[in-house]
Amino acid sequence: MPAGYSDVLIGLQYGDEGKAKVIDLLASDYDIVARFNGGANAGHTIADARGTLALHQIPSAVFHPSLLLYIGSGCVVSLEKLAKEIAAVQAFGIDLSGRLSISSQASVIQPHHVVIDEATGKELGTTKNGIGPAYADRAYRMEGKRQLNIRLCDLLEDPKHCFDAMKRSTLDTIDRMDVSAIDPIETITRMEEALKTLTPFIERDTLFLQKRVQKGARVLFEGAQSAMLDVVKGTVPYVTSSSTLAGAAYTGGDLSPSFHRKTIGVAKAIMSRVGNGPFASEFGGEKSEAYCMEDDGNAHTRDYEQKTYDTEAFLASEDPFEMGVALRLLGGEYGTTTGRPRRMGMLDLVQLSYACSMSGVDVLFLTKCDLLSDFERTAANAIPFVTGYTLDEQDIDFVPGSSDTYRRVRCTVTLAPAFKENISSVRSWGDLPLALQQVLRTIERKTGTKMLGIGVGPRSDQFVLKK
Ligand code: IMP
């Protein structure tokens, strides 16, 4: 049998582009869906006739029973949360035994990682899952004789040694940071229980994926977070702590790059961002950032905004901040993991081209295109998108390395004719409004990619593929 191949699917903006839905759409063309970065900071909700499942660590393709699911060594694992997720999936009637494999080389999120993240993550607006401290300890490895990076294989080899080290790290952290204490004994007891649930899923063969692809398996790598949240190439320091670009699939995903076939990028037609940090095309700029992050992102929930604002009046407002609030309400843009309001912005083609070129994106999927018709009811009656950046009066075609510099960039906005048709039941490219087809052509030209398809609604059948 000839060897298989791997494709990498990544988000191209600031997360929440709807990657899970695209994976669900493409999954039947693959044998394995694999995660290579991040942990429970990712979040996606998937639904079928049985109800809704919120997943954070398990790859998105759980509803495809013939597919294997793999969590690679580049991920960081929350034992308790993953055990609960597995139980929730099994309670849904989906059997994961023999389907889910977790690399034994993935690092464990330890109690003190969560303590540190809760105490210090506010400024970045982290998801408080302990992700950054876990990756930091992975790099830090040891402190004196104490092991800081504890992986699943270490836990299986010598659980007592590892749990003792975790207990000491937690007590030290509580002492050093003067934070409200968690009970390390109780927490570690719960982790020991969770480890029992996870043990049958932990894969000791470090060549697990490699061997399967050599024998013909087709892998889809599922990126978590997105290009602009990459720990090096994103809007540092307002980023996650793992590598989110396509190349990272071949370090954190436990497969050699020789199997790479193509890169699929997912972007959202109206952009969003959660957490602090630059967002050049944000409706309402810094006012929106401060508003969305008030009380750690908890002040302006969906419920609050629905009760407080007149969506249609805000949509027609000349104030971009108000327009952004209306677009958030219309698009249901509130965090899956945290419930925080997402900051809203226009599609930014300079940023998108930057992300496409860094990851060598071959094909592009643009989600939530049905919402573009909302612009027909705005004061400008047009679809705005960013087509140029100016920095210190010079045109630039890249995202600056420094976030402070990025905040000084001025955007050139182009207005495209709006359309008012409801496209949620359109299924063929030729039936899309001509104004939208024109926008999509512009995106292809500017990013040098080909459109694979677009999303036209929240259900898994609501997409239009470009044949
Ligand atoms: P952390 O990954 O929890 O450390 O959070 C760092 C930054 O990444 C924060 O701004 C988060 O809001 C953001 N972030 C992390 N995961 C996601 C995600 O899955 N979608 C969108 N933003 C995310």
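**Close-up views of a predicted model**

**View A. Lys160 is exposed, with a relative accessible area of 58%.** The model shown in this and the following views is predicted. The side chain of K160 meets that of D164 in a salt bridge, with an N to O distance of 2.7 Å. D164 counts as partly exposed, at 28% relative accessibility. Both residues belong to helix α6, where they are 4 residues apart and thus separated by about one helical turn. Side chains of opposite charge can pair when their charged atoms come close.

**View B. A salt bridge joins R146 to D172.** The side chains meet at 2.5 Å, N to O. R146 lies in strand β10 (residues 146–147) and D172 in helix α6, so the pair ties together parts of the chain that are 26 residues apart in sequence. R146 is buried, with a relative accessible area of 13%, whereas D172 is partly exposed, its relative accessible area being 38%. The model has 27 salt bridges in total.

**View C. R343 and E282 form a salt bridge between distant parts of the chain.** The closest N and O atoms of the pair are 2.8 Å apart. R343 is in strand β15 (residues 343–348), and E282 is in the loop between β14 (270–273) and α10 (285–293); the two residues are 61 residues apart. R343 counts as buried, at 1% relative accessibility. E282 is likewise buried, with a relative accessible area of 8%, since the cut-off for a buried residue is under 20%. In addition, salt bridges that share partners join D16, K268, E333, R342 and K368 into one network.

**View D. Strand β7 (residues 100–103) is covered on both faces.** L100 and I102 are buried on one side, and S101 and S103 are buried on the other. In a regular strand the side chains alternate between the two faces of the sheet. Strand β7 pairs in the parallel sense with strand β5 (residues 68–71), over 3 bridges. Within this pairing, L100 of β7 stands opposite L69. Strand β7 also pairs in the parallel sense with strand β11 (residues 202–203), here over 2 bridges. The bridge partner of S103 in β11 is E203.

**View E. Helix α3 (residues 111–120) contributes a set of buried residues.** Those buried are P111, H112, H113, V115, I116 and D117. The elements that cover them include strand β8 (107–108). Helices α4 (131–140), α6 (159–177) and α7 (184–198) are also among the covering elements. Helix α6 additionally carries D172, the partner of R146 in the salt bridge of View B.

**View F. Helix α16 (residues 434–447) has the span expected for its number of residues.** Its 14 residues should span 20 Å at 1.5 Å a residue, and the C-alpha atoms at its ends are 20 Å apart, which agrees. The buried residues of α16 are A435, L436, Q437, V439, L440, T442, I443, E444 and T447. Among the elements that cover them are helix α14 (349–359) and the strands β15, β16 (363–367), β17 (382–391), β19 (410–417) and β20 (450–455). Strand β15 is also the element that holds R343, the partner of E282 in View C. Helix α16 is followed by G448, which has a positive phi, near 65°.

Methods
Residues numbered from 1 in each chain as written. Predicted model: local features only at pLDDT ≥ 70, side-chain atom pairs only at ≥ 80, totals over all residues. Heavy atoms only, no water. Buried < 20%, exposed > 50% of the residue type's maximum accessible area, 1.4 Å probe, protein only. Pairing = 2+ DSSP bridges. Contact = heavy atoms within 4.5 Å. Salt bridge = Lys/Arg side-chain N within 4 Å of Asp/Glu carboxyl O. Expected span 1.5 Å × (residues − 1).
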